[in-house]
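User: Could you take one part of this predicted model and go through it closely? Please keep it simple, and then show me how the rest of the picture continues from there.

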Amino acid sequence: MRFGVVVFPGSNCDQDCFYVIKDILNQPVKHIWHKDKRLDNFDCIVLPGGFSYGDYLRTGAIAMFSPIMERISEFTRKGKVVIGICNGFQILLEAGLLPGAMLRNKNLHFICKYVYIRTENSQTPFTNLCKKNQILKIPIAHNEGNYYIDEEGLRKLKRSSQIVFRYCSREDKTTSEFNPNGAIDNIAGIINKKGNVLGMMPHPERSSESVLGSNDGLLVFKSIIKWLESR
Amino acid sequence: MDISNEVYRALGLSDKEYQRIIDILKREPTPTELAMFSVEWSEHCGYPRSRNWLKLLPKRGKYQTLIGEDSGGIIIDDLAVIFKMESHNHPSQVEPKQGAATGVGGIIRDIFTTGAQPIASLNSLRFGALQDSYNRYLLTGVVDGIQFYGNCLGVPTVGGEIYFDESYTGNCLVNAMSIGIAKKDKLVRARASGVGNSIMYVGASTGRDGIGGCSVLASQEFKEDEEKRPTVQIGDPFTEKCLIEATLEALATGHIVGIKDMGAAGLTCSTSEMASAGESGVEIELQLVPRREANMEPWEVMMSESQERMLLCVKKGKEKEVEKIFTKWDLNAIVIGKVTENGIVRIKDKGKVVAEIETRALTDAPVYDMPYIKPDYLDRLNRLDINTLPEPEDYNKVLLKLLGSPSISSKEWVYEQYDHMVQTNTVVLPGSDAAVLRLKGTNKAIAATTDCNSRYCYLNPYRGAQIAVAEAARNLVCSGAEPAALTDCLNFGNPEKPDRFWQFKSCIEGIADTCKFFNIPVVSGNVSFYNESPKGAIYPTPTIGMIGILDDIKKICTQYFKREKETIVLLGTCKEELGGSEYLKQIHRLIKGDAPDLNLQLEQGVQHTALEAITKGLASSAHDCSEGGLAVALAECCISNKENMIGAVIDGLIFDLRKNALLFGESQSRIVLSCSKEFVDKIRDIAKRNKVPFQIIGQTGGKEFRILDDRGEVINLPLRKISEKWASSLQSIIMV
């Protein structure tokens, strides 16, 4: 099975991811229940958005204890690809599979809107079909997307090109005015050092059909497929 | 045990009603029975004061309708679209965040208990003026409650409306609407049938929260200094999300005979109404009900409005399979009783019968013919000589003031806090005349809107209600949809006061007549009376939630101008009327005059013309003229797409009316279209065929919004300036 979409109690973008992979891209895909103990034959795992465990305690903090997360850690150690979107990104941070942490949005409100992000690194399994610095129109929808990492950590991210997406304007300005949630250095998405785990706050599955206002999100899914096919 | 009159009065029952209970039972009721009657006969559940009038509303239209126990809908091909709107006013006034949150939760449960997947929510909110800090607290609390609950559930909040008027100080309105879809042959009813089948309790545990929510809180006026917070329920959206998934999974097994939400009146309502609908009886043991508090009395368990609970009727022998599904989602699932054949609801506690009532006696609430009288202030209010109003010196200032008024200004600050995109069906996002949702797997889409100008209803209840229906339909048409069916949420004052009841009765007549004319059925609804503060009643507010159908998703239309150098057309007639307008209120501080005129023939012609122009691909944009009139509508066409604002020069208006009425009057049945020059004649022909006045009033382009009369410029403002005012007003008022 090429794609697996994990379902935690409270996940609510699992169906949307599933729909894009199956109905738009015609790829084999299966749901994975968070209590499943095995993770066989998948090439890419998607941790979808939503409110796993109601965001109680702290976003992603309870989901990281789900049985499936151990399997996902092993999966990443084997070099296979994992993409965490929104709450999925938050879970990856809590699980320590990506560095840094999430704070509440700087305006202390949930924000749902289209934003623009710049592709900072187009040499990843998730962005290889994007041009370097390509601007994508993809929506966000979160309460806690204010990414934070200490100075040393930020230096490391930059040094190893781990920052994949940064918030910007349609005209490619990356000033704070175009930073919707206060994330440090306008960071919208990062990969791990090995390059096989991506976390991003914007929702590519919500912008994979032009009828929804943008299909830029497809570039992310198609990049993954291309990367898997090239191996 | 003797029950003092204080007890039943405190539960909201009258002396007469208490006597009637004794007559039915042929004995004094037990405390549990008394509690059960009080909630079932409350206005919220039994509609005793409104039921006679609700019969006037038509139930049939172009599409096949479904009228269920708790909601209704229409059939489109093999899909059922189920929807309903419900009020949660008093809880929100007392505790805005939880009140609004549980309002959203409750209405969504009404949808998925039919077997439908909830696909969208809308809400209609009304508050007093924002200068008052408590009203600001209510607005921010209610918005927070809606986002807290709806976002977590993964049901997008795609549209709605917010109005501000003094009459809502002390009694805000929170009307929540939800829409769901299901394969038409997969729907289930809220009934218990099949003797021996099991009654299963699923979801959250029962506590003392919300006791008397519907009988005490929703069915009485607010008085000063009363502490009613304990009657407000507390919501847990995470549990509800799991409940939705588990319920839909359980329904797919085919083992569920019937299902009902435990909302208002909790276990009382679900047991008696399921038995009544199934023409059966139900027997339950209260000790089996999972609880979150110790030492609850039987009547407390029966009246609790704890959230996220449902009652299922499960086929005998299939209980384990159903239980397994709920356990997978970490939810309670416990058999607490069974279906009986005797038409009686029997409640036991530790084996002892604490209530035994004939089902019908509970569910057939008394019906009252309420006296009504036209209020005497109306004639005085309706008198308005607009010739005595001074014409504004600076029309630019007036336009900016209107665009910045909280009721007209952009609601972006609100809808940005709602997840309006999850489920990836929202193809027209909030901020246009109606939200549009595609139906995956088909070429179709549905449009949804909520509408009511309650100031019109205050000045003229019958016509105000007609306009609410007409405007909802017009908004759908502007998005390219054909109006199909509606749900109504009828918010009024104390029905025991004849002038308030006259407003109610007149509004119902207005809705009924208009629906019949347009062939639009009323498939579901809700009545909320007693919306009064010590200062008096709210404006009569019959909120209309309407659904329309787009046969071809490619024929969607939005309100903003698309391209430069297109022709701007006005369909309909501008009349010299300013009664009830936002202009009168904002500029002259007057709430006076009559509601705008409404000619149903013309309204229909305008809607048909616009819809044909849109579906034939002739119109680039369509926008309804409503609050603030033509000038505001045109300005919104220029600025409501922030990423592509397009100016306009309006030089074709005929200034044969007073200028303030022409620009800011709120004449009905008007739609602004923009189109490419080559299509102008075709649209004119369609208008002519429909006997609709057609005027070319200007063209799009530039970075200014300008209106000219034969002597020169009346309005000339840079788009940046009007956009700033319109976009930032609400937030800047809230953030003081």
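Analyst: We begin with one strand of chain A, then look at two loops, the contact between the chains, and chain B.

The strand is E1 of chain A, residues 3-7. Is E1(A) enclosed or open? Five of its five residues are buried, so the rest of the structure largely encloses this strand. Now look at which way the residues point. Phe3(A), Val5(A) and Val7(A) point one way from E1(A). Gly4(A) and Val6(A) point the other way. All of these residues are buried, whichever way they point. This fits a general pattern: in a regular strand, side chains alternate between the two faces of the sheet.

Next, the partners. E1(A) is joined to strand E2 of chain A, residues 29-33, by five bridges, and the two strands run parallel. In that pairing, Phe3(A) stands opposite Val29(A). E1(A) is also joined to strand E3 of chain A, residues 44-47. Here there are three bridges, and the strands are again parallel. Gly4(A) has Ile45(A) as its bridge partner in E3(A).

How does the chain get from E1(A) to E2(A)? Helix H1 of chain A, residues 14-24, takes part in the route: E1(A), H1(A) and E2(A) make a right-handed β-α-β unit.

The loop between H1 and E2 of chain A holds Asn26(A). Its phi is near 50°, which is positive although the residue is not glycine. In general, most residues other than glycine have a negative phi. Is Asn26(A) buried or exposed? It has 8 other C-beta atoms within 10 Å. A residue with 12 or fewer counts as exposed, so Asn26(A) is exposed.

Compare Cys86(A), which lies in the loop between strand E4 (81-85) and helix H3 (87-94) of chain A. Its phi is also positive, near 60°, and it is not glycine. Its surroundings are another matter. Cys86(A) has 28 other C-beta atoms within 10 Å. The cut-off for buried is 20 or more, so Cys86(A) is buried.

Now step out to the other chain. 22 residues of chain B are in contact with 22 residues of chain A. On the side of chain B that touches chain A, H8 and helix H10 (237-252) of chain B each supply at least two residues. H10(B) gives the most, with four. That side of chain B divides into ten nonpolar, seven polar and five charged residues.

Chain B itself is assigned three domains: domain 1 (1-40 + 190-365), domain 2 (48-187 + 410-551) and domain 3 (557-736). The centres of domains 2 and 3 of chain B are 25 Å apart, taken over C-alpha atoms. There, 34 residues of domain 2 of chain B are in contact with 33 residues of domain 3 of chain B. H19(B) gives the most to the domain 2 side, with eleven residues. The residues on that side divide into 13 nonpolar, twelve polar and nine charged.

Last, the largest nonpolar core. It has 308 residues, and Ala610(B) and Leu673(B) touch the most other members. Its largest share, eleven residues, comes from helix H19 (residues 461-478) of chain B. Beyond four places in sequence, the contacts of Leu673(B) include Val569(B), Leu571(B), Ala610(B) and Ile683(B). In soluble globular proteins, nonpolar side chains tend to be buried together.

Terms used: Residues numbered from 1 in each chain as written. Chains lettered and ligands numbered in written order. Predicted model: local features only at pLDDT ≥ 70, side-chain atom pairs only at ≥ 80, totals over all residues. Core = buried A, V, L, I, M, F, W, Y, C linked by C-beta atoms within 7 Å. Contact = placed C-beta atoms within 7 Å. Domains from an automatic or database assignment. Nonpolar A, V, L, I, M, F, W, Y, C, P; charged D, E, K, R; others polar. Pairing = 2+ DSSP bridges. Right-handed = clockwise from strand over helix to strand, strands pointing away.
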